[in-house]
Each structure stands twice: as structure tokens, then as C-alpha cells.
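Colleague: Could you take me through this model and defend the labels you put on it? I'd like to hear the cut-off behind each one.

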Amino acid sequence: MTLTDGRRPGSRGVAADHVSLRRNNLSVVLRHVRDLGPRSRARIAGETGLNKATVSSLVAELVERGLLREGSADSSRALGRPGQLVELDGTGVCGVGAEVNVDYLAVAALDLAGNAVLEKRVPVDVAHLDPGTTLDRLAELVEEAVAAVVARGGQLAGVTLAVPGLVEGRTGDLKLAPNLGWGELSVAREMRRRLGEPAYPLHVDNEANLAALAAYAELRGSGDESVHDLVLLTGAVGVGGGVVAGGHLLRGGAGYSGEVGHMPVAPPGRTCGCGRTGCWETVVGLTALLHKATDRDDPVRDPSLDVEQRLAGIIRRAEAGDVRTLSALKDVGTWLGIGGAILVNILNPDVLVLGGYFAVLGPWLREPLEKAIRERVIAPDGGGCRVVRSELGFAAAVRGGAQISLDQVFVDPTRIGATP
């Protein structure tokens, strides 16, 4: 029996299975080269278990799609004709990450190899702007990044927006961003409208989650393959946390995990942006540090200045031995360790990563932080947890956003069209 179009029963399912299998094998090869570096086709076949003919076909398609390229000859072969290495083609595909934070907007475009095509941060007093004006300005930055990708002849994998608040990941709806003063807002829908309903994927996520993914990639990329579990603490006006467990981002049941800045560990006093008192960020956030270290009219409190310029002023005073500055840094570091010890006791991460302003001022925060952790973590030697500073600074969230967009290409390389 045949169907009217000449196909046998079930052939559609067989074809679908074949497409799915090839898509999976393309992903296997692409991720293998990403994780282990340039490889000959024969070596990829031997390491993945795929046969040589299949690998050759898969590599040819990935090269055609602009995801791999031919590299140098394989000098590791002692006998016979050297094979040709294939490597990631970092120029053909890019992802874009953009961020809204209390006192700045930022954007980054990264290529497939993680190289920056464009990185930009502009000081903006977001807390005193309405959401529409802020999103207008963010859309301009995204358009600038997309234009940079197009100008180099690249394909855009997608855009991911980072927001410091509770984000419903499936819809891109923001539920609450207390330090911005934003409530219910469909950030994804509003940004798509401003960007002219673009064809590329656009997602919204919590900024600390994205920063944690970037920190995890940073550590693994530096050769620290032993790291599988980490907690990132990112400090700005607010304090956020991202948790990677077993190599995967921990999002929680509704996707709202990581709001560590609102742990009730501080004494009642200054009111938090969420309207409560006793939140951790009231004693470790950047606002808390500036209140302890500076007067009201001090230039380092001026939100029109870039945050790193303001922190440079704090660093100069600390290096000069200013008593008030050093006392404020010690106090913040101690409170950072008190809250950090709670997280280490609960999660037992391999690494506690300091991001944002915590990383910038890490040389002064680290000692009191580690002292508090040693005193308060019940497991011997802090459960083996190391404290490290991220080198990504305030670029972590936008880099994490760009990586999220690029990750979809590694999952399904057919998202990127073959070159004409």
C-alpha cells in the first residue's frame, strides 16, 4: 500500500526522525568543537562515536552555515597525511545582551567564539525615569548593537534583555523591579514594539541569573573545570544572586530564585527599595556603602557619572588610607560575609563569585567577608567554598544575555541559515 503522493505509511515520521537526528548530531559536533577546541574530522569522529562519513557531512553543513571554518593542519598526527582542523567561526553569528539597571543601561554583542563586537554602558538615572522613556533609550542601544552585527556581515542569533527584578521567563513579563520602581510590565512586548517587531528571538531574564551564567562560563573558560556549583553575588544599588547547580542555572518553580538581596538578615533601619526593612541589600548595596563612606553632596553619589568612575573615587580614598572609607568597606564586607555564609551553608557551592561593585572593591571587601564565612559556615574549611572576583565587572549581565542567545545556536544549529 502506498499513499497518493507515493510515500509509504509512516514515511513522514521517518523523515521527521531523520531531521531531528541530524539536528542533534550537528549540535553534538558544534558543541564538541566549542568545548574542546579545534579538531580534525577524524578526531571528532573518534571522540563522539559518530562515523567519519557522518562527521564529514556534518562539518560541511556547519561550515556552510558559518558556524565552523577550516583551520590549520593537524600537527598532532605523527604518521600519515595530516588532517585539517576545524574550529569555531567566531565572525559569522552574534548574540546581543542588553541591561537595564538603576543607574545605567548597557549592551554587548558577542560572536560565537565569545569575542566582543560591541560593548557599551551609559550612565542613566533610571530610577527617576518612567519605564517608557527608559525602554526607548534601551531600544536605541539594542539597535546600535544589531547594526554593528549587520555591518560586519554577521547573522543575529537573538537578543536577551536583563532586568533587576522578578521576570516570568516564558512570557518576558516583569512582575516587580523594586529598585527601578517598576511593577507589572510586559518588557518583551514593549521592546518588540519599539524594535519594529523584529524577526530575531527576543527574551527577558533576571540580570543576576545572566551574570551567574557569564561567571560560570568565565571560570570554565579559564580552565577551572572543577567548578560545577557556584553562587554569584552581584552588587549595585540592589543586590542579586545567581545559582548554578551541577552546571545548570537554578531558577526555582516560578523562575523567581536569586532574590538574595531581600533576605531578612540586617537589623531594622533603612527602608529597602521593596518597602521592607532588614533586607540584606540595605547593608551591602552600593547605596549603603555610599551612605557610610560619603556625605550627601559627594560627587561619588552623582548618578549622572558612570558607576566605575564613582567607584574609582572610593578606591583612591581607600588606597590613601581614608579612615571613613576603610571603615565603611570593612562593615560592608562583614555583612557580605554574614549573608554569604547563609548561602554557603544552604547551597555548599564550589565558588562564591563576587560580581558588580563587589568585584571592583573586592581587595577591601574580601578579608572581612572571608572571616565572616569562616566563623559562620558550619562545614570544615567553609565547605571547600572559594571566594573569587569576577573579571567581567558590570558587563556580566549583558555578556550572559548574549551567551543565552548564542546557546540556542549550539542547541539547534539549523536556526542559522546556510550562507547563499
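What follows is a conversation about salt bridges, burial, strands, a surface patch and domains.

Colleague: What should I know about the source before we start?

Modeller: This is a predicted model, so local features need pLDDT of at least 70 and side-chain atom pairs count only at pLDDT 80 or more, while totals for chains, interfaces and linings use all residues. Residues are numbered from 1 along each chain as its sequence is written, and side-chain values use heavy atoms, with hydrogens and water left out.

Colleague: Why is the contact of Glu61 with Arg22 called a salt bridge?

Modeller: The term asks for a side-chain nitrogen of Lys or Arg within 4 Å of a carboxyl oxygen of Asp or Glu. In this pair the closest N and O atoms are 2.8 Å apart, so the label holds. Glu61 sits in helix α3 (residues 52–64) and Arg22 in helix α1 (residues 11–36), so the pair ties together parts that are 39 residues apart in sequence. Helices here are DSSP runs of H or I with at least four residues, strands are runs of E with at least two, and both are numbered from the N terminus. Over the whole structure, the search finds 24 salt bridges.

Colleague: How do you know whether Glu61 is buried or exposed?

Modeller: Buried means under 20% relative accessible area, exposed means over 50%, and partly exposed is in between (1.4 Å probe, protein chains only). Glu61 has 16%, so it counts as buried. Arg22, at 24%, is partly exposed. Glu61 also meets Arg65 in a salt bridge (3.0 Å, N to O), and both of those residues are buried.

Colleague: What makes Glu190 and Arg193 about one helical turn apart?

Modeller: They are three residues apart in helix α5 (residues 187–194). Their closest N and O atoms are 2.9 Å apart, and the pair forms a salt bridge. Glu190 is buried at 18%, whereas Arg193 is exposed at 51%. Both belong to a network of salt bridges that links them with Asp136 and Arg194.

Colleague: What makes you say that β9 and β10 pair?

Modeller: Two strands pair if DSSP finds at least two bridges between them. β9 (residues 173–176) and β10 have two, in the antiparallel sense, so they qualify. Asp173 has Ser186 in β10 as its bridge partner. The open sheet has three strands in the order β8-β9-β10, with antiparallel pairing. β8 (166–168) and β10 (185–186) are called edge strands because each pairs on one side only.

Colleague: How do you know that Leu250 can be part of a nonpolar surface patch?

Modeller: Patch residues need over 30% relative accessible area and no salt bridge; like charges are joined within 9 Å, and nonpolar side chains (Val, Leu, Ile, Met, Phe, Trp, Tyr) within 5 Å. Leu250 is partly exposed at 39%, so it clears the area cut-off. Together with Ile342, Ile346 and Leu347, Leu250 makes a patch of about 330 Å². Leu250 lies in the loop between β14 (248–249) and α7 (281–284).

Colleague: What makes domain 2 and domain 3 count as being in contact?

Modeller: Contact means heavy atoms within 4.5 Å, and 19 residues of domain 2 are in contact with 25 residues of domain 3. Domain 2 covers 93–210 + 398–411 and domain 3 covers 225–391, with bounds from an automatic or database domain assignment. Their centres, taken over C-alpha atoms, are 24 Å apart.

How values were computed:
Areas by Shrake-Rupley, 256 points an atom, 1.4 Å probe, with all protein chains shown as cover.
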